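Biologist: I am new to this structure. Please show it, and then I will ask about its parts.

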Amino acid sequence: MANSKYSYVKNFELPDPVLPDTFMLFRLDGHSFHRFTDVHGFEKPNDVRALELMDHAARSVMEEYPDIVLAFGESDEYSFLLKRSTSLYNRRESKIVSTLTSLFTSCYVLYWPKYFPNKPLQYPPSFDGRIVPYPAEKHIRDYFAWRQADIHVNNLYNTTFWALVQQGGQTTAEAHATLRGTFSKDKHEILYSRFKINYNQLDARYRKGSILVREDEPEVPESQSEARSEAQAPEGPTTGTTTVSADATPSSVVLTEPAQPKEKKN
Ligand code: ATP
Ligand code: ATP
Ligand code: MG
Ligand code: MG
Ligand code: MG
Ligand code: MG
């Protein structure tokens, strides 16, 4: 069977390795979640149940793949950092992207009823996925700062937008018009003067997103563990227990410093 006259078609499959010695940054994003959140009646601007479900699915992916050292979630997206030396699936890009994306998606569906007990899924959600290889730690820091800047801009807009609609009685078209051309300070002002909302006091989860950090407890002798972490700073020791545990409920840890995704605050 393996060497049949048909097997030449296998040669059309080209290798797709991710560049060696680079950090793989894997990001997935809900497909058409504008519609999905509408159909499933998500609370606006932030449905905390959905954010917790995203965290739960991300935690499950981290449990399955020990080479993921850090994850950051916001809205309908999650980013996963793999350690630089990972040889997961021989660094085959499509294998990694497709397997991780489908695992996340099936976890999202599997755990849905835990977060939305009275709201059955109306149709199967899907996620897109991609890997971007980054050569330097600076790129990784800037990557997470970029995603966190993204949530900040979006959340400030969405919070003001929905305050105008839900509390200010504006139509969505009117709210968009009110916000057209406004700067960040104008939105803070609208929130505070018209709705008595102090933006900076909103739940940090909404303003800054969620982060999951793998914390390994070294079980190897000190000298070996030092040699290992010296080689690649962002990697922890590869043995030991981890905070990403199967029986715990998912917790999100909030980033307080945009440029320091490794910092964990409980
Ligand atoms: P695409 O397929 O291109 O990603 P999309 O409709 O998913 O299209 P996004 O830019 O990913 O577009 O936006 C995600 C949408 O889902 C936004 O409208 C966002 O407000 C909404 N959303 C995501 N998570 C939540 C949540 N927890 N609560 C409320 N709304 C959410
Ligand atoms: P990989 O992750 O590399 O694909 P794998 O374990 O999935 O590893 P495959 O070559 O895809 O390996 O083989 C699929 C396995 O699942 C085989 O052992 C096959 O016999 C089994 N399998 C798949 N479908 C069925 C089925 N309907 N009934 C019984 N066994 C099945
Ligand atoms: Mg998108
Ligand atoms: Mg989306
Ligand atoms: Mg998105
Ligand atoms: Mg298989």
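Modeller: The turns below take up the core, a helix and a metal site. This is a predicted model, in which local features need pLDDT of at least 70, side-chain atom pairs count only at pLDDT 80 or more, and totals for chains, interfaces and linings use all residues. Residues are numbered from 1 along each chain as its sequence is written, chains are lettered from A and ligands numbered from 1 in the order in which they are written, and side-chain values use heavy atoms, with hydrogens and water left out.

Biologist: Which element gives the most to the largest nonpolar core?

Modeller: A nonpolar core is a set of buried Ala, Val, Leu, Ile, Met, Phe, Trp, Tyr and Cys residues joined through side-chain atoms within 4.5 Å; buried means under 20% relative accessible area, exposed over 50%, partly exposed in between (1.4 Å probe, protein chains only). The core here has 33 residues, and Phe104 is among those touching the most other members. Helices (H or I, at least four residues) and strands (E, at least two) are DSSP runs, numbered from the N terminus. With eight residues, the top contributor is H3.

Biologist: Where do the protein donors of the magnesium ion (ligand 5) lie?

Modeller: Donors are N, O and S atoms within 2.8 Å of the metal (3.2 Å for Na, K and Ca); water is not among the atoms, so sites may look incomplete. The donors are Asp29 (OD) and Asp76 (OD), 2.1 to 2.3 Å from the ion. They are 47 residues apart in sequence, so the pair ties together strand S1, which holds aspartate 29, and, for aspartate 76, the loop between S2 and S3.

Biologist: Is aspartate 76 buried or exposed?

Modeller: Aspartate 29 has a relative accessible area of 22% and is partly exposed. Aspartate 76 has 13% relative accessibility, so it counts as buried.
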